[in-house]
Amino acid sequence: MATLAPPAAPSSLDLFVAEPSPGTRRIDLHVPGIHCAGCIRKVEGAVRALPGITHARVNFTTRRLTAEWQDGRQDAQAIVAAVEGAGFDARPFSPSDVAAQGGDPASRRLIKAMAVAGFAAMNIMLLSVSVWSGADGATRDLFHLISAAIALPTVAYSGMPFFSSAWGALRQGRTNMDVPISIGLILATALSLYETVTRGHEAWFDAAVMLLFFLLMGRVADSLMRDRARAGVAALLKQSAPGALVRAPSGETEWRPIESVAPGMTVLVSAGGRIPVDGLVLEGSSSIDRSLVTGESLPEPVKPGGQLLAGTLNLDAPIAMKATAVGEASFLAQVVRLMESAEQGRARYTRIADRAARLYAPVVHLTALLTAIGWLIAGAGLHQALVTAIAVLIITCPCALGLAVPAVQVRAASVLMQRGILVKDGSALERLADCDTVVLDKTGTLTLGRPVPAGRLPLSASELALAAGLAAKSSHPLSRALLAAAKAEGVTPVVLADVSEHPGLGLEVQHEGETLRLGRPDWAGASAAAQGHLLTLAFRRGEAPATLIPFEDPLRPDAAAAVARLKADGFDVRILSGDRESAVRHAARALDIGTWAAGQTPAGKLAAIEALKAEGRRLLVVGDGLNDAPMLAAGHASIAPASASDAGQTAADLLFLRDSLMAVPQAVETARRADVHVRQNFRLAIGYNILAVPIAMAGLATPLIAAVAMSLSSIIVVGNALRLRAPK
């Protein structure tokens, strides 16, 4: 893991202050110590308390704090001091910090806590079996002492995720699912310790630790699902170059870190290099792979004056460019901001279990309290009243409720994986079941994103062997497609030497006294009618007329069936693409999709998504490119193919690993079935409590029996989850 640089000196912070609008100042700070919602509230609260602050927001994925203030009423150093005063380090935000950060440590802590609880539960249960079998007197007391020695540190360590969550909720004047869990664990452990010290006949360390283990199993499953969705922005930022080769006015060149490249500098980009900053071409001509931006797989030619965007790839020849936007003003940084904004909008979604906890927790507290009061009024001693109340807390402990969602999500993820669909975020299954509108990208989503010849190749075997020999010398997508098609027809490419590549035009070679050309139709000598066809190559041999080789980006084999099935499921299906209007119109007609838009930028796509959300629509977004990442993050749920860019894959909630677009309706229908099973689990858990609570309140169930009953309810919930099957 990269080592964080020390905080910038006060005098240097002003270099990182931007002016988003007249009279407003903004600074972005990296706060690596943020690990939970409580951390976010503390940092945001500390900054908002400063005079003049108009906006303070933390993005959890990137650990970026964005603070805005009125010009002259605040300064950057005071904001850093406020964050540090809240107990967190802060430094100017750098994309390299995000790209270097590892996984969420909370998941690792949960796994360790579960392992400790599981190990302790096994050992305590072995001791408990002896007590249940009739061990008495000194032997029983010894086993209780050993159980206490194992259980006390286990509950203190493994119970910390629940205790800290419950304490945080209570400090905010609210309750959550962890409050009754924490109360039950603490009281059961404390009373068991009392029984052990006073040499009582029963102690319930086994019940407390077993309960803790079951709860942690559900919490770990949920956390691992969430972790799969955290790397989106980091993967996106890996598209940025770490530095740039800058040419000084004197002609000397030097390598500079990307942070020290300023607008107006001349930057040199080699063939095959990634464009480090936004800018304009000064010298040279080349082809640029802009698929991360537009989704279109075909390179675009550029010449002096042409626009370049950070993160795109220079394919053919070296170029010199003038930097126009760097750092937070660059295209990649803008996409990161769009993704962060979209992700925070999705984070406001309230999960089913959270909604259930709002009612469940206070009911459990009240039931246990009334039980204790009732037994005291009936004349029982304090010990008996507490034992009965603890039995009520344990038997009503939301273990089954806590497993209701993760158990179904894990099962749904398993059955979808069998269909080649990877679920990265379990909560997305809940959101996916709610969706009513599907927004599809075209290139790489509705289509395969791999051009292939349209129909039979219009070349003889000998001509095809020569054309394939030229194509073998190029990395252009159409050249690769031609070479693959030739090999598929059993044609062996001719080995050609001294092939010349003309950037943005094509390939040329002298062979047996003839000039061979493969490339743009106009350059190869084709008729004017072929000009401007991006999906066309031309091959010319000597003085013979050029032969046009048309290509197409075919729709996925079952795209039409998938769209029809989505419509049958009640979805409004739309296309939102960065591709050319003619290509999008053709795909929309072929798939009978009436609403579509072409030529969309990442910001344009996100604006269209937000407009649909403002209408009250719950959107399922399906896309694959960098230009799709913001709208994938903004959708109520999102799916991407495995061929998607790193940013597209990690911004999406689900990935389909095969070429079949039927994965989309299958995922939706599985999510809807999973939602049914989750609600069944809630009904089972509530029904169990309706039957079990009166028994516990009547004093007919000891804490141990309550723990066994709670475990059985959890097994029933898991069994119901295992009934889930994937649709055909």
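## A Salt Bridge within Helix α1

R48 is partly exposed, with a relative accessible area of 47%. In this predicted model, the side chain of R48 forms a salt bridge with E44, and the closest N and O atoms are 3.6 Å apart. E44 has a relative accessibility of 9% and therefore counts as buried, since the limit for that class is under 20%. This salt bridge thus joins a partly exposed residue, R48, to a buried one, E44.

Both residues belong to helix α1, which covers residues 37-48. R48 and E44 are four residues apart, or about one turn of the helix.

## Other Salt Bridges

Side chains of opposite charge can pair when their charged atoms come close. The count of salt bridges in the model comes to 22. One of them links D28 with R26, at an N to O distance of 3.9 Å. D28 is buried, with a relative accessible area of 8%, and R26 is buried as well, with a value of 16%.

Another salt bridge brings together the side chains of E508 and R517, with 3.0 Å from N to O. Here E508 counts as buried at 17% relative accessibility, whereas R517 is partly exposed at 24%. Salt bridges also link D572, R574, E615 and R617 in a network.

## Strand β16 and Its Neighbours

Strand β16 is made of residues 437-440 and is covered on both faces. T437 and V439 lie on one side, V438 and L440 lie on the other, and all four are buried.

Strand β16 pairs with strand β23 (residues 572-576) in the parallel sense, over four bridges. In this pairing, T437 has D572 of β23 as its bridge partner. D572 is also a member of the salt-bridge network with R574, E615 and R617. Four bridges also join β16 to strand β25 (residues 619-622), and these two strands run parallel. Within β25, V621 stands opposite V439.

## The Largest Nonpolar Core

The largest nonpolar core contains 47 residues, of which L620 and L654 touch the most other members. Helix α25 (residues 663-697) gives the most to this core, namely eight residues. The core draws at least three residues from each of two domains: domain 2 (105-232 + 349-407 + 683-698) and domain 4 (418-449 + 556-672).

## A Buried Alanine in Helix α8

A207 is found in helix α8, which spans residues 205-227. With a relative accessible area of 0%, A207 is buried. Along the chain, A207 and M125 are 82 residues apart, while their C-alpha atoms are separated by 8.9 Å.

## A Nonpolar Patch on the Surface

Nonpolar residues also appear on the surface, where L366, L369, L370, I373 and I377 form a patch. Together these residues have about 500 Å² of accessible area. One of them, L370, has its place in helix α12 (residues 352-377). L370 has a relative accessibility of 48% and so counts as partly exposed, because the exposed class requires over 50%.

Technical notes. Residues are numbered from 1 along each chain as its sequence is written. This is a predicted model: local features need pLDDT of at least 70, side-chain atom pairs count only at pLDDT 80 or more; totals for chains, interfaces and linings use all residues. Side-chain values use heavy atoms; hydrogens and water are left out. Buried means under 20% relative accessible area, exposed over 50%, partly exposed in between (1.4 Å probe, protein chains only). Two strands pair if DSSP finds at least two bridges between them. A salt bridge is a side-chain nitrogen of Lys or Arg within 4 Å of a carboxyl oxygen of Asp or Glu. Patches are made of residues with over 30% relative accessible area and no salt bridge: like charges are joined within 9 Å, nonpolar side chains (Val, Leu, Ile, Met, Phe, Trp, Tyr) within 5 Å. Accessible areas come from the Shrake-Rupley method with a 1.4 Å probe; for residues, only the protein chains shown count as cover. A nonpolar core is a set of buried Ala, Val, Leu, Ile, Met, Phe, Trp, Tyr and Cys residues joined through side-chain atoms within 4.5 Å. Domain bounds come from an automatic or database domain assignment.
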